[in-house]
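You asked for a colleague's reading of this model before it goes any further. My comments are set out as numbered points, to be read with the structure open beside them.

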Amino acid sequence: MPKTRSRFAREVSSLLRFVPAVVGLLLSNVAVAAWWGSDDGRLPEVRVAEPFAEWHSGPAAGYPVIRVSERGDSLQLVMQKTRWMKVRDEKGREGWVHLEDIGQTLDGIGQPVEISAPDREDFSGKTWEAGVMFGQFEDAAVTSVYGGYWMTENLALELWGSQVLGESSEILQANVNIVHQPFPHWRVSPFFTLGAGHAFIDPKATLAETEARSDTTAHVGLGLRVYVTDRYFVRAEVKDYKVFTDRATNEEATEWKVGLSVFF
């Protein structure tokens, strides 16, 4: 193998340099919740039908309770973030209320207002996804990008590109995965993956063995998908790799990654 990388390996390396910017873009989009206002800027106004509704300073139970609305109090619905609704009272004060606390709200004429949390069914019409992930490949840092296509409700085909930065070498990987998700409608949904690919290994010049090489790889893995909104989900996975070398013995490696993905 020549010491210089192949053209493909150089292109993968260049693409991975844009990963931090992509992560920032995804995170900024996740932070934008569903806006409940109309086109003219008016917000829907409802009355609390439950005995009370606790206001939190942020969209999670860990944020402190800042006030309580009682049955009959009027609230404006500002925006929704997963299972939390940002509300505003008649004095202009704002806070976050869990959907369970305002699930029985009424509109101005006493009719129930339907407020629902995002569900996996919302993704059923979206067959493409992409994401970025970070973790460790053995003791080295790994950064990955991927794109996937859902062929059925349970099976997806994925293409991956990864960069592994170790103390002794840099590794660029290209993989094809088959993903099986047995329970696609669960909000926290496990999956299994099986795949193969190629690893381009470039040892550092300080080592005695500086010849770059290319090895075929195969892997199996398992992971979890946690759906955050109707477009975004957190993905975590562990993979066990077998590296087929031209030496007397093959090599094995374990990889774990966590990242953010988007449907489109």
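The points below go from the model as a whole to its cores, its pocket and a few single residues.

1. On confidence, please keep in mind throughout that this is a predicted model. The mean pLDDT of the chain is 79, and 73% of the residues reach 70 or more. Two stretches call for particular care when the model is read. Over residues 1–5 the pLDDT stays under 50, and the model gives this stretch 15 contacts beyond four places in sequence. Residues 26–32 likewise have a pLDDT below 50, with nine contacts in the model beyond near neighbours in sequence.

2. On the overall make-up, the chain has 264 residues, of which 40% are buried, and its secondary structure comes to two helices and 15 strands. If one takes the contacts between residues at least 6 apart in sequence, 54% of them join residues at least 24 apart.

3. On the nonpolar cores, it may help to start from a general remark: in soluble globular proteins, nonpolar side chains tend to be buried together. The largest nonpolar core here consists of eleven residues, namely Val46, Val48, Ala53, Trp55, Leu75, Leu77, Met85, Val87, Val97, Leu99 and Ile102. Strand S3 (52–56), strand S5 (74–81) and strand S6 (84–88) are the elements that give two or more residues to this core. There is also a second, separate core of ten residues, and Met133, Ala156, Phe233 and Phe263 are among them.

4. On the largest pocket, which residues lie nearest its centre? They are Ser168, Ser169, Ile171, Ile201 and Glu251, out of a lining of 23 residues, and the volume of the pocket is about 470 Å³. The lining draws at least two residues from each of strand S11 (169–180), strand S12 (188–203), strand S13 (213–227) and strand S15 (251–263). By residue class, the lining is made up of ten nonpolar, eight charged and five polar residues.

5. On Ala236, which is found in strand S14 (residues 232–244), the reader may ask whether the residue is buried or exposed. Ala236 counts as partly exposed, because its relative accessibility is 29%. Leaving out residues up to four places away in sequence, Ala236 touches Met133, Phe191, Gly223, Leu224, Lys257 and Val258; of these, Met133 is also included in the second core. The C-alpha atoms of Ala236 and Leu222 are separated by 8.7 Å, with their positions 14 residues apart along the chain.

6. On Val238, this residue is also found in strand S14, and its relative accessible area of 40% is why it is classed as partly exposed. Apart from neighbours within four places in sequence, Val238 is in contact with Val220, Gly221, Leu222, Thr254, Glu255 and Trp256. With Thr254, the C-alpha to C-alpha distance is 7.3 Å, at a separation of 16 residues in sequence.

7. On Val188, which lies in strand S12, the relative accessibility is 43%, so Val188 too counts as partly exposed. Once residues up to four places away in sequence are set aside, Val188 touches Leu224, Arg225 and Val226. Val188 and Arg235 are 47 residues apart along the chain, and their C-alpha atoms are separated by 9.8 Å.

8. On backbone geometry, I would ask the reader to look at Glu138, which has a positive phi of about 55° although it is not a glycine. Where in the chain is Glu138 placed? Glu138 is in the loop between strand S8 (128–137) and strand S9 (140–150). The side of the question that concerns exposure is settled by a relative accessibility of 42%, and Glu138 therefore counts as partly exposed.

How values were computed. Residues numbered from 1 in each chain as written. Predicted model: local features only at pLDDT ≥ 70, side-chain atom pairs only at ≥ 80, totals over all residues. Heavy atoms only, no water. 1 Å grid on protein atoms, 1.4 Å probe; cavity = no way out; pocket = protein on both sides within 12 Å on 5 of 7 lines; lining within 4 Å. Points joined across faces, edges and corners; volume = space filled by probe spheres on them. Helix = DSSP H or I, 4+ residues; strand = E, 2+ residues; numbered from the N terminus. Nonpolar A, V, L, I, M, F, W, Y, C, P; charged D, E, K, R; others polar. pLDDT = per-residue confidence, 0-100. Contact = heavy atoms within 4.5 Å. Core = buried A, V, L, I, M, F, W, Y, C linked by side-chain atoms within 4.5 Å. Buried < 20%, exposed > 50% of the residue type's maximum accessible area, 1.4 Å probe, protein only.
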